[in-house]
Amino acid sequence: MALPDLAKKPQRFTGGHRACAGCGFPVTIKIILQAAENPVVVGCATGCMEVTSTIYPYTAWRCSFIHTAFENAAATMSGVEAAYRSLKRQGKIDKDIDFIAFGGDGGTYDIGLQALSGAMERGHKLVYVCYNNQGYMNTGIQRSSATPRGANTTTTPAGTHLPGKPQYPKDLTAIMAAHGIPYAAQASMSHWNDLYRKAQKAFAVDGPAFLNVLSTCRLGWATAPEDTVDVAEGAVQCNVWPLFEVENGKWKLTFKPKKPLPVADWMKQQGRFKHLFQSDNTELLESIQRQVDEDWQRLLELCGE
Amino acid sequence: MAVAVETQKTAALTGNEAAAQAMRQINPDVVAAYPITPQTEIVQLFSTFVSDGLVKTEFVAVESEHSAMSATVGAAAAGARAMTATSSQGLALMWEMLYIAAGMRVPVVMPMVNRALSSPINIHCDHSDSMGARDSGWLQIYSENAQEMYDNLIQAVRIAEHPDVLLPVMVTMDGFIISHGMENVELLPDRAVQDFVGEYHFPYPLLDVEHPKTLGPLALQDFYFEFKRQQAEAVHRAKNVILAVAEEYARISGRRYGFFEAYQMDDAEYAVVVLGSTAGTAKYVIDQLRQAGEKCGLVKIRVFRPFPGPELSELLSGLKALGILDRADTFSTQGGPLYLEVKAALYHALKRPKCINYIYGLGGRDIDPELIRQALMEIKDLGSEQADGVGPIVRYLGVRE
Amino acid sequence: MTLSSQTKNLLKVHQQVNVNIEPNAGWRDLPIGGVIPQAGTATQFATGDWRTIRPVWSKEKCINCHRCWLYCPDMSWISENGQIQGVDLTYCKGCGICANVCPAKVHAIEMHPEDNFKDDEVVKEG
């Protein structure tokens, strides 16, 4: 689909929300909601997206929306989807409706992982979207299990003894793919066409789908607001955030950088890694690059590249 | 007994079976539940109803009680009648969602089988679990036996969904004592229950996609308080609704319920107040004492939330002495939760009985007739004119010293 | 979906109450449970006053690629029949993403300090 045509479809998320200037997730929401053909019911975990888009009495949602708590967007939407199946079976509802759960990486990778795993395993027809900004940004930039190694966060502050977060992020997309769900994919807000196509596939499958979408937090990543798209693009171009999909168990790379950038180039774009370049961290930077290269090689093998 | 009930009939059922039968007849659109002792049987039985096509319910076998309540809230908000069931640690894991269910005003109904809370872990009855949730905004109805569990569950649907109320209701019974004890239970015909509960009402169904709405927004200093005030008002209004629903239920069942049951209270001079199955044992003791000429009585609270304070005060203020039996402690040094409520209700009465508290039966410790008789004798002495003060206000009944 | 007449009435009452969001509404006049029974009421909340820099669009240079429309987090770029019409400054927070994603060779959007427009009452441009 060409963008001018995409813009002809009515939008289901409005301006007037209170996300920071230059925030990434409204773009992620926009692309995904534009890909839905049916009316949607959205569930949302507690987090930036929820608190900035529904400050009473102002809601930025033009579709049915529910938020209950932090760790349970997948469970809440399991109930909504079960209600739909029940009422449809009883002939009390005739429409086709799509169901989406949004959670940040806090609500998805960490506190909400159990509810997410349960919902995916039970097979609800539900698209779960992690708008992944690599940290607990709503509470003030704490580390999550999606935060990259070396990042300065308020619970892994760069100090004289520790150079930011000591651990690598976990591979949640692979964990979700291991649930044997019909569709799991990793995408980035910067590559809208790739994300749009993946969202269309996610809505089309008969069962659960999972999308892990890199969505810049310019506050937490300490980047200029206008660089939001560029820095997400950088993560893809240096293979820190490869774009791929797992469809019915088949892994497929959906984007291959022509010449991958050094990871350090991407890190230099962001204030959260600034400390790594102010003193000698050659060894750490090398090991991060090595890890990214190894992960990339493994992914290429999985994708038969 | 996975069959339809076409005419009114008596069946020998455990409390869990009676609860499951009520759920089958209510026939909710969605049930999302997780098994826990002693509630497990309810979930298992209901699953067989689903497997055998006896209900139209979409059953969601969730991975935890937190998700059970989350999914139930989601389903109820979507526009479906939704139920779950739990006990003890399961209720504790739901805690966060209990407040959210009440705050979002979703009329969920939940059988709750009372069981002690860890630690130490214990699977037997006390009321620590539901008492801990007494200020969560849920209505709470306690059942003495399997029949009451059945009757209360059916009525709870109407109470919860009434437009003046729109609040979740938990209906409790004592773990093992009632949940696993077999009794004769009068079942209504399926049709009568269906007609009684009627169609599900929720004013903001998410699945009504032509009218998009936002549920569960962020309400700050400028609006949050108003929503809590509405909630308090809904609990007040539930009192009238509970009585009206009971009246209607009496017409179809012949069984009449109020906020509480007053047993031998007409000329009583001293009495005990209890919750749940202990009422059965206490009635037996009171019958014996009455035969010996003692003027004693019993009040069994059925509705704990909303608490029928003024009505109880009217009934109890003329007594000489009163003992309140709590199957839970507040660990506040001020006594158990039922004691605190009853005593507070009496504060504005012109005449007040002397009031003491007995904490008993924790972790399923048996409460035998002799213990209740002993307590009633102490209460009687307290009410006599020779009594000097009250002595210890909080007493532990049946614990080894 | 089939709604009972009772539910329909409740919904109607609550929607009427909330048509104009009344900041001083008492608890009796608010829909229950914190629900916002309408869609997109955030459009009544202007976030444009957060802005310190403003996007200025050149219709002549614009190639209508819609990257500004797509990547604007505040849904500020107006597209009608597939044509960019300009930017609605009601919500624009001045992040500058639009100017940045506008192709370098096209350069149809420039960010200018808000102070330059002090006396400008116009909210829509283009």
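Colleague: So helices here are DSSP runs of H or I with at least four residues, strands are runs of E with at least two, and both are numbered from the N terminus. What kind of model is this?

Modeller: This is a predicted model, in which local features need pLDDT of at least 70, side-chain atom pairs count only at pLDDT 80 or more, and totals for chains, interfaces and linings use all residues, while side-chain values use heavy atoms and leave out hydrogens and water. Residues are numbered from 1 along each chain as its sequence is written, and chains are lettered from A and ligands numbered from 1 in the order in which they are written.

Colleague: Where is C:Asn64 in chain C?

Modeller: C:Asn64 sits in the loop between β1 (53–57) and α2 (67–71), and its phi is positive, near 65°, although the residue is not a glycine.

Colleague: Is C:Asn64 buried or exposed?

Modeller: With a relative accessible area of 16%, C:Asn64 is buried, because buried means under 20%, exposed over 50% and partly exposed in between, using a 1.4 Å probe and protein chains only.

Colleague: And what is the phi of A:Ala222?

Modeller: A:Ala222 has a positive phi of about 55° without being a glycine; A:Ala222 lies in the loop between β6 (209–214) and α9 (228–237) of chain A, and at 41% relative accessibility it counts as partly exposed.

Colleague: Switching to peptide bonds, what is the omega from A:Tyr56 to A:Pro57?

Modeller: That bond is cis, with omega near 0°, and A:Pro57 belongs to the loop between α3 (48–53) and β2 (64–67) of chain A.

Colleague: What about B:Arg305 to B:Pro306?

Modeller: The peptide bond from B:Arg305 to B:Pro306 is cis, with omega near -5°, and B:Pro306 is in the loop between β13 (303–305) and α10 (309–316) of chain B.
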